[in-house]
Amino acid sequence: MVVDEIHRSAPIVLASNRGPVSYRLGEDGSLTAGRGGGGLVSGLSAIGPEAGAVWVCAALGEGDRVAARRAGRRLDAADTGGQPVRMLDVPAETFAAAYNGIANSVLWFAHHMLWQTPLEPSFDAEFRAQWAAYEAYNAAFAEAVAEEAAEGGCVLVQDYHLTLVPGMLRVLRPDLRIGHFSHTPWAPPDYYRLLPDDIAEQVLRGVLGGDRAGFLTHRWADAFAACCAATLGAEVVRTADGSAEAVRFEGRTTRLGVHGLGADADFLRERSRRADVDAWRARLREQVGPGRRTIVRVDRTELSKNIVRGLRAFRRLLEERPQWRGRVVHVAFAYPSRQDLAVYRDYMAEVGRTAQEINAAFGTEDWQPVALHLDDDFPRSLAAYRLADVALVNPIRDGMNLVAKEVPVVSDDGCALVLSREAGAAAELGEDALLVNPYDVEATARALHEALSMDPAERERRTKRLAAAATALPPARWFVDQLAALQES
Ligand code: G6P
């Protein structure tokens with residue numbers, strides 16, 4: 001049904017940094033295709049190849065670059081599950097400066113408020129060179145999309161990597177309908193203004209080049225509008241309840257949309273009942289020990305995910321409430337992410353050290369309080385979701401956070417959710433989750449205790465309501481809603 005709705009629409013081009021496939025280059029020159037990861041890719045992949053959209057993405061590593069060169073304009077359909085994909089072979093140095101330098105070290109840090117301002121940021125000559133690379137990389141996308149898009153077609157540009165693309169495309173192809181969607185939070189104006197003035201302007205002008213700008217929650221849409229007003233002097237149009245619904249600037253109007261990407265219930269329920277997940281569940285149960293409770297977390301080892309404070313909160317729980325010693329295991333999956341950046345590598349090491357310290361301080365012969373796994377394994381994560389008594393999702397800031405939405409959907413016996421109030425998901429799940437200030441380690445420890453002590457019937461009731469809220473806007477619907485809104489604009 002969803003696909004029919006897409007077919008009734010104009011032809012679509014998607015543009016995102018990470019695409020649905022990534023390639024590993026073997027020593028013998030052979031290429032192995034694997035699936036691209038992250039919430040953005042799962043959201044966009046849900047529409048499937050039948051929708052006929054062309055997906056433009058970047059070559060991220062050497063394997064991708066070789067594949068893109070060998071393939072030419074379209075990747076081999078066998079590697080992409082039939083999805084037409086154009087992978088851009090951006091030069092390695094340009095890509096590194098744009099992706100690591102600007103997207104992940106500047107824009108990501110701004111929107112997640114991650115800078116430790118006495119030391120960073122520092123916008124120096126290296127930053128300026130990286131910015132030039134970011135412009136070139138955005139221009140490469142804009143040119144490719146301009147080639148791919150049919151007359152009057154719709155273009156959906158994704159995330160902070162590609163903020164300049166809508167503005168560039170508007171110049172190249174004024175006939176197109178252009179939408180931008182942010183999967184991250186948007187920084188509030190006082191934080192956003194840490195960026196150099198010209199860059200702060202350029203990013204906003206870039207996004208405002210589109211007909212629509214989409215966000216995961218009202219909070220992020222309002223912050224974007226507030227930055228447009230503060231930085232550009234743009235006019236913000238509001239609904240009766242005060243939410244920002246459009247930005248008017250230099251004679252054009254960009255409408256704002258809020259589309260809260262939900263979990264894919266059908267996929268998760270089916271996938272989490274397969275034999276490999278059953279086997280993992282049994283293995284995890286054995287590792288945790290019969291009768292013990294589990295507090296589960298699953299994240300990319302990402303600075304914004306706040307894994308270290310989560311571990312510290314678990315430590316406080318064991319210190320303050322000795323009744324839990326020997327009776328609970330914190331199963332933490334923290335898989336590698338953005339390892340080209342030293343600050344991510346250091347953070348990963350800090351996560352490992354903190355877990356070891358807790359195990360050294362409290363572990364006994366037959367009980368290891370923290371079971372930390374630093375590799376990614378999707379079936380194992382699903383098994384942990386099923387088993388969890390408590391899920392800990394405590395990011396400093398997060399656009400949405402899909403883990404918070406996935407756990408209640410697959411949970412076997414109900415799972416209490418300790419959730420950061422700074423995650424976008426809190427707007428939808430706040431009533432039945434235990435909300436915490438992510439910086440408050442003591443309050444997080446108390447919430448863990450409350451979650452572990454929750455009456456099983458209450459826990460099950462809450463889990464059902466959480467699952468209903470979490471699946472209200474499944475990925476395919478999320479996509480179609482955005483598209484419909486773009487066509488109406
Ligand atoms: C976030 C971003 C996505 C990104 C994902 C994984 O969810 O919003 O755009 O793809 O993180 O990060 P990576 O740098 O590995 O693509």
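The C-alpha centres of domain 1 and domain 2 lie 30 Å apart in this predicted model. If you want to find the two parts in the viewer, domain 1 is made of two stretches, 3-261 and 477-488, while domain 2 covers 265-470.

Where do the domains meet? On one side, 17 residues of domain 1 take part, and they are in contact with 14 residues of domain 2. Helix H5 (92-112) and helix H10 (218-232) are the elements that give two or more residues to the side of domain 1 that touches domain 2. Of that side, H5 supplies the largest share, four residues. By class, the residues on this side of domain 1 divide into ten polar, six nonpolar and one charged.

Let us turn to the sheet. Nine strands make up an open sheet with mixed pairing, and their order is S5-S4-S1-S6-S7-S8-S11-S10-S9. Which strands stand at the edges? They are strand S5 (85-88) and strand S9 (235-238); each has a single partner strand, so one side of each is left without a neighbour in the sheet. From one strand to the next, the twist averages 20°.

Within the sheet, S1 and S6 make a good pair to look at. Strand S1 (residues 12-15) runs parallel to strand S6 (residues 154-158), and four bridges join them. To locate the pairing, look for isoleucine 12, which stands opposite cysteine 154 in S6.

H10, already met at the domain contact, also packs with another helix, H9 (residues 197-208). Their axes are 10 Å apart, and the packing angle is about 125°. Angles of 65 to 115 degrees count as roughly perpendicular and those over 145 as roughly antiparallel, and H9 and H10 are therefore oblique to each other. Their crossing is left-handed. The residues that make this contact are set out here.

| Helix | Residues in the H9 and H10 contact |
|---|---|
| H9 | Ala200, Glu201, Leu204, Leu208 |
| H10 | Cys227, Cys228, Thr231, Leu232 |

How do these residues divide by class? The contact of H9 with H10 has six nonpolar residues, along with one polar and one charged.

H10 is thus a handy place to start when you look through the model: this helix gives two or more residues to the side of domain 1 that touches domain 2, and Cys227 and Leu232 are among the H10 residues that make the contact with H9.

How values were computed. Residues are numbered from 1 along each chain as its sequence is written. This is a predicted model: local features need pLDDT of at least 70, side-chain atom pairs count only at pLDDT 80 or more; totals for chains, interfaces and linings use all residues. Domain bounds come from an automatic or database domain assignment. Two residues are in contact if their C-beta atoms, placed from the backbone, lie within 7 Å. Ala, Val, Leu, Ile, Met, Phe, Trp, Tyr, Cys and Pro count as nonpolar, Asp, Glu, Lys and Arg as charged, and the others, Gly among them, as polar. Two strands pair if DSSP finds at least two bridges between them. Axes are lines fitted to C-alpha atoms, for helices over the stretch in contact, and angles run from 0 to 180 degrees between N-to-C directions. Angles under 35 degrees count as roughly parallel, over 145 as roughly antiparallel, 65 to 115 as roughly perpendicular and the rest as oblique. A crossing is left-handed if the near helix is turned anticlockwise from the far one by less than a right angle, and right-handed if clockwise.
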